[in-house]
Every structure is written in C-alpha cells, then in structure tokens.
Amino acid sequence: MFDADNLAQKYALDRDCTTLSRHVLQQLQSFSPDAQDLSALMNRIALAAKLIARRLSRAGLLEDALGFTGNVNVQGESVKKMDIFANEVFISVFKQSGLVCRLASEEMEKPYYIPENCPIGRYTLLYDPIDGSSNVDINLNVGSIFSIRQQEGIDIDGSAQDLLQNGRKQIAAGYVLYGPSTVLVYSIGKGVHAFTLDPSLGEFILSHENIQVPVHGPIYSVNEGNFWQWDEPLRDYIRYVHRHEGYTARYGGALVGDFHRILFQGGVFLYPGTVKKPEGKLRLLYESAPLAFLIEQAGGKASTGEKVLLDVVPNALHARTPLVIGSKEDVELVESFIRDTLKTL
Ligand code: P6P
C-alpha cells in the first residue's frame, strides 16, 4: 500500500543521515585510505565550522570576541579578534588529526608546521579563517574558505615552494557561510554540494546536491566605490550594465556571501585590479582558487579577466590576483570588454 507520509518520513530520515563524511565516501564510492582521508578532512573542517559558528552566534555577549586586536597581519590589514580565534580553531582541530603536515592561512605569514610530537599527515590545508571580517562587528554574514592540497616533495626550508602551483592541484575546496544558517559548500571534484548545520543534531546535513550555477544571472557584484581606480574596460563594462535592462547590483563586502548568491542565482562577482593594486585584493591560494575550483565544478567560469583562474601559478604564498567569477555568459561578457580593449592597444 503506497503511503506518502511514510515515504516522506523515510526520505527525511535518510537525508538527515547524509552527513558530510558519509557523503564524501558516497562520492568516491570507495573506502580506500585516500577516500577515508578525504572524509576525515571534511569532518575536521565541519568541526572547525561548528566551533566558529558557535562563537559568532554569541559574539555580542562574549568578552573579547569582537573588535580589533590592534595588530596588522601580513596582508597589511587590521586584525579582528575573530580572525585570530578562527585561525586558532583550525590549528587546534587539525593539529592532532594526523591528516595534515601544514596549515597555510591568510593570518599567518608562514605556514604552521605540525609539531614533531603530533601525528603528521600528507595534506596541506590552506584557508581564510574569517573572510569578510569587516562584517563581524555588525552581525552580517562572514565565511571561511578552505583548500586542500597534497604534500609534494620535501618542504625542507619552510618556504612551502611546493604550494606555488596552479589551482588544478587542489584535491578539495569549499567554504562555510555563517549566515542565518551555517552552510558548508564543498567539492572534491565530483560536483558541488551544500550542507546545512542542524544545531539540534550538531551535524551538517545535505541540503543541496550537484549545484549548477545558472548560465546567466541578473546580478553583478562589485565595489563600485573603486570605479575611478579601474582600467577603462572595467568602467565600460559597468557603464554597459548600468544602461541595459536586467541587471541588478548586489555587494555584501564579504566574498563568501557574494559568491554564494552568484552560485545559486547566477551573475558575476568581480574584484578587479586597481591603479594602486593592479593584482587586486583577493588572495589566490586560499580565496580565489578554491572558489574557482567550485565554480568550474558547478558549470561556471573564473578568470583574472584575461587568464583562466585555475591556471594561474602564484609567485608567493599570499599572492593576489584580480577575480572575475560566476555564470559562464556573465564572466565572458566582462572578459569581452577587456579583450576588445587589448586588441586596440
Ligand atoms: P572591499 C574581505 O576583507 C575581502 O577580503 C572579501 O571578503 C571581500 O570580497 C573584499 O575583501 C571586500 O573588499 O575593498 O570591497 O571592502
């Protein structure tokens, strides 16, 4: 006898059992050591996300959770207390995991090497612990961005030269969006999938599988306050979207939230180079490259405006690149303005 309620209940239960670590193993259809490692890595990311989400949800009530530390990081940016807390969370979560040998973070000039008295793994975690920290003190969305690469060769002098390779060396990437709900989005090269934290379970539960970015969308996301610092092709693109119907501007000042909107609704996010910062602001290894990995897996595109983002080889750990990322058609429209201008030079 067909019982819709019973079937719906069974579906809901199965879905609530699709945790992140199980989903990774399902994706790989394997229980090999590599598969188990990836599953365990994602599980540790989930734990870090839960610890950060918990602090963010009560930040206004905690001493010393909000505001600035008074220090400036390697990026030359003023450091927020939440930046330091989140950075330490990832170190604490991975230090005893036996999964990684290094952690490279926006907040640390050099990678953190797992101490010899801790189990050493063969992966490197690259991460931006709190992306968009200017939003933290005003209770707006922030994120964490992560990228996982395999250790290659011996990093004898601590210069981590083996990390200076293009984004196609990533074996997994994703982000956590700390918003009205906490959502973790990841890919291990088999599609893009989103998990929503169920606080009552303390688990990330599968909420969107095989996400595909729309081929075109109405949104363009850029800080137009920099308009007069851009090269002319970018100004021409902005004039175009101003004059044509069907475009709308959305900019939240936090890359993860702006990207998440584009991933689901389509459009394009841009952080171009400026006269003062021709390489732009966003860091390649732990901001642009992980998101470029995701967007390509979701059927979209990512470039510097001229070069495919995942092909860019960084010259340093904290190298920056301009970023144009989102729906295929919208990224290509931006690129066409740059290309047409280059032809006339
Ligand atoms: P602007 C946050 O500091 C960040 O790195 C990204 O999250 C965000 O997209 C960008 O900077 C915002 O920069 O110059 O527009 O304030």
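**Close-ups of rings, charges and a ligand**

**View A. Tyr 251 and Phe 269, a ring pair.** Tyr 251 is partly exposed here, with a relative accessible area of 33%. Keep in mind that this is a predicted model. Its ring partner, Phe 269, is buried, at a relative accessible area of 3%; that value counts as buried because the cut-off is under 20%. Counting ring pairs by the centre-distance rule gives nine aromatic pairs. In the one shown here, the ring centres of Tyr 251 and Phe 269 are 6.2 Å apart and the planes meet at 15°, so the two rings are stacked. Tyr 251 sits in the loop between β12 (248–249) and α6 (255–265), while Phe 269 belongs to strand β13 (residues 267–271), so this pair ties together parts that lie 18 residues apart in sequence.

**View B. A cluster of rings.** Which residues do ring pairs link into a cluster? Look for Tyr 237, Tyr 240, Tyr 247 and Phe 337.

**View C. Arginines over rings.** Two spots are worth a look here. At one of them, the charged end of Arg 55 sits over the ring of Phe 85, 4.5 Å from the ring centre. At the other, Arg 235 lies over the face of Phe 227, and the distance to the ring centre is 6.0 Å.

**View D. The residues around the ligand.** There are 13 residues around the ligand, and the ones that come nearest are Asp 131, Asn 223, Tyr 251, Leu 255 and Tyr 271. Tyr 251 is the residue we met in View A, stacked with Phe 269. Sorted by class, the shell around the ligand holds six nonpolar, three polar and four charged residues.

**View E. Polar side-chain atoms at the ligand's oxygens.** Start with Asp 131: one of its polar side-chain atoms is 2.6 Å from an oxygen atom of the ligand. Then find Lys 281, where an N or O atom of the side chain is 3.0 Å from a ligand oxygen. Arg 283 also has a polar side-chain atom by a ligand oxygen, this time at 3.5 Å. How much of the ligand does the protein bury? Taken alone, the ligand exposes 400 Å², and the protein buries 82% of that.

**View F. Gln 27 and its contact with His 193.** You'll find Gln 27 in helix α2, which covers residues 20–28. Is Gln 27 buried or exposed? Gln 27 is buried, with a relative accessible area of 15%. The side chains of Gln 27 and His 193 make a polar contact at 3.2 Å.

Definitions and conventions
Residues numbered from 1 in each chain as written. Predicted model: local features only at pLDDT ≥ 70, side-chain atom pairs only at ≥ 80, totals over all residues. Heavy atoms only, no water. Phe/Tyr/Trp six-rings, centres within 6.5 Å; stacked < 30°, edge-to-face > 60°. Helix = DSSP H or I, 4+ residues; strand = E, 2+ residues; numbered from the N terminus. Buried < 20%, exposed > 50% of the residue type's maximum accessible area, 1.4 Å probe, protein only. Lys NZ or Arg CZ within 6 Å of the ring centre and 35° of its normal. Near = heavy atom within 4 Å. Polar contact = N/O pair within 3.5 Å; in protein donor to acceptor, adjacent residues only side chain to side chain. Areas by Shrake-Rupley, 256 points an atom, 1.4 Å probe, with all protein chains shown as cover. Nonpolar A, V, L, I, M, F, W, Y, C, P; charged D, E, K, R; others polar.
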